[in-house]
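Me: Could you take me through one part of this protein up close? I'm new to reading structures, so please explain the terms as you go.

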Amino acid sequence: MFGRYGGLLLLSAILAGCQVSKTGLEGIESLFADKETQQIEAKPTLIRSEDLLGQGYLTCVDSLLLVSANRGERMVTVYNLHTGEVVNRLAPKGKANGEFLLVGDLAQLDGRVMILGKMPTRAAWIDKQLLLDSFPKMETTDLAFEGGDYLSVAPVAGGRYVATGRFDAPESQRHQFAWIGADGKIVSTFEDYLLTPELEGLPNYNLAYGYQGRFATTPDGRHGLYCGWESAVWRFYDFSGREPRKVAEYALVLPSFRPRDGAHYGVVHSEERSIGGSIFAVASDSLYYLLFSDKPYGAYSAYFTDRIFVFDLSGRPVRKIELDREIIAMAYWAEQHALLGCANDAEGEPQILRFDL
């Protein structure tokens, strides 16, 4: 069931067609040294702070914005971006079929929206034409398996999925990702963790929790970027074939952590050596937008940042973006070629801002 992802592993600088001689934060600056920096001012949206239940995952479908918040009777709110109105609330809380205990992500592919449910892990699909229905029909795919646990899951081309997680099979102990079929069954695991010497001896379950992150995939699901939280580890893939194919990789800041005392799976990140890292990423048809924080790890504010790195689908750096407001998550609004970001207002209340590209 598990298999090692084959293929020639090249240095990241060669894969991306770039010369990167430095690592750490200096390496990031070097990567974008000859690229333009775009300054973008935030614009308000019509969505009211009092209608936001919190800051969570978000995705934009035509003129609708879906935002998750794991509280309330329904955990995904649908907003009309042209009017600011709440037009629906989805993902009812509960344990029954069609209900959710925790929302782990939102995504869209082929005219459908995926709500990733956790505990247990399953993908619930809703046709975008049904997003305004009070109780829309959902097609669910069970993603649980006996050989470990998925931490993040993203849909890709061909009805398949790619995931991060804990993989317990002996041949998968060093693998970071899973390749999942359209039926929800795991096909293989792939891609070794990039480890510092101090992390070499840790079991997979500690590595999985220390190297958490997520995939941003293009609207057609044929390409994807993995970005690692508390790190600058970026891996670019082509998902259009029978197996995932890596096209570029940067490992400029690796995570630093140790197992948590008294906890089987948990880890503790080093406050002296860790950063906020790669907070969030989204994709258009041709570009990735990666939200990055170099603030020291240890406070919630480390996950708010005004810096975005832009890459093409082959992993080549395109430009930097500097926002005039800090955000913690974002969505790409194709209809207006803009980014929508989750921020806090002057009173600390959540708000949705618009950044025209």
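Reply: Let's start with a bit of vocabulary: two strands pair if DSSP finds at least two bridges between them. Strands themselves (E, at least two residues) are DSSP runs, numbered from the N terminus. What you're looking at is a predicted model, where local features need pLDDT of at least 70 and side-chain atom pairs count only at pLDDT 80 or more, while totals for chains, interfaces and linings use all residues. Residues are numbered from 1 along each chain as its sequence is written, and side-chain values use heavy atoms, with hydrogens and water left out.

Now for the close look, at strand E11. E11 covers residues 148-156, and 8 of its 9 residues are buried (under 20% relative accessible area with a 1.4 Å probe, protein chains only; exposed is over 50%, partly exposed in between). That's why E11 is largely enclosed by the rest of the structure.

E11 has a partner in strand E12, residues 160-167, and the two run antiparallel over 8 bridges. In that pairing, Gly148 sits opposite Phe167 of E12. Together E11 and E12 make a hairpin with 3 residues between the strands, and there Gly158 takes a positive phi near 80°. In general, strands of a sheet pair through backbone hydrogen bonds, either parallel or antiparallel.

How far can you trust the picture? The protein averages a pLDDT (the predictor's confidence in each residue, from 0 to 100) of 91, and 94% of the residues score at least 70. Go easy on residues 1-17, though, where pLDDT stays under 50. Where pLDDT is low, the predicted coordinates should not be read in detail.

Methods. Contact = heavy atoms within 4.5 Å. Helix = DSSP H or I, 4+ residues; strand = E, 2+ residues; numbered from the N terminus.
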